[in-house]
Amino acid sequence: MKKIGIIGAMDEEVSRLKENMQVEKIEKKAGMEFFAGILSGKNVVVVRSGIGKVNAGICTQILVDDFQVEGVINTGIAGSLKNEINIGDIVLSKDCLQHDMDATGFGYKPGVIPRMEQSTFIADETLVDLARKVNKEVNPDIAAYVGRVVSGDQFVSDNKKKEFLVSEFQGYCTEMEGAAIAQVCYLNEIPFLIIRAISDKADNSATMDYSEFEAKAIEHTVHLVTGMMKQL
Ligand code: ADE
């Protein structure tokens with residue numbers, strides 16, 4: 001991969017990466033600033049997409065069309081859907097789907113996108129393996145799990161909703177952009193990986209935990225993404 005796109009939804013998720021890189025060019029499109037340059041010796045374009053699936057999808061397509069990235073990494077935070085995955089731990093996407101895609105009225109299963117061959121998008125195995133290896137080197141005390149990321153335009157802070165995401169989709173974590181990025185990468189036939197550090201448990205205490213643990217969780221993903229660029 002000659003050039004990698006790195007997307008974070010929020011400033012907090014990409015500002016440290018921007019500080020760490022040598023910026024060669026900043027371009028504004030669709031209200032987003034694309035920082036092109038070098039991070040740990042690798043050609044990258046770092047961008048804050050904004051929150052939610054539409055922003056994330058648009059951002060990914062711009063990275064493909066206007067910056068010719070050959071792979072995309074999405075970094076940020078997420079709510080855990082598994083008891084053993086704790087705040088601060090990392091989830092690497094095995095695959096992703098949209099938990100709020102609902103055409104059940106037409107007989108489709110929840111999460112299935114009508115008239116598409118695929119609704120679950122599989123992450124690049126080489127990127128997953130590299131992230132696992134690098135995480136052991138740069139975050140030796142932080143566990144990295146490989147599993148399903150379920151995305152929707154909802155901050156999940158409700159026990160019932162959480163139970164649905166677990167029983168219906170067997171999700172490992174939930175967030176608001178990953179599956180949109182994955183779908184755009186699938187349509188453009190380029191590899192992707194979602195890297196999420198856990199900021200909350202996606203339950204009734206999520207809003208409070210999120211505020212407290214967001215910054216710490218982001219630190220783990222910044223170390224991991226920066227480390228990965230050295231070895232890509
Ligand atoms: N990002 C971080 N925590 C989240 C949650 N509980 N739901 C959706 N997105 C999140």
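Colleague: What share of the chain's contacts with a separation of 6 or more comes from residues 24 or more positions apart?
Modeller: First, this is a predicted model, where local features need pLDDT of at least 70 and side-chain atom pairs count only at pLDDT 80 or more, while totals for chains, interfaces and linings use all residues. Residues are numbered from 1 along each chain as its sequence is written, and side-chain values use heavy atoms, with hydrogens and water left out. Contact here means heavy atoms within 4.5 Å. Among contacts with a separation of 6 or more, the share from residues 24 or more positions apart is 77%.

Colleague: Which helix gives the largest share of the largest nonpolar core?
Modeller: A nonpolar core is a set of buried Ala, Val, Leu, Ile, Met, Phe, Trp, Tyr and Cys residues joined through side-chain atoms within 4.5 Å; buried means under 20% relative accessible area with a 1.4 Å probe, protein chains only. The largest one has 65 residues, and Phe34 and Met228 are among those touching the most other members. Helices are DSSP runs of H or I, at least four residues, numbered from the N terminus. The largest share, eight residues, comes from residues 206-231, helix α6.

Colleague: How many disulfides are there?
Modeller: The cut-off is a pair of cysteine sulfur atoms within 2.5 Å. For Cys173, the nearest cysteine sulfur, that of Cys96, is 8.5 Å away. Cys173 is buried at a relative accessible area of 0%. By this rule, the disulfide count is zero.

Note on methods: Buried < 20%, exposed > 50% of the residue type's maximum accessible area, 1.4 Å probe, protein only. Helix = DSSP H or I, 4+ residues; strand = E, 2+ residues; numbered from the N terminus.
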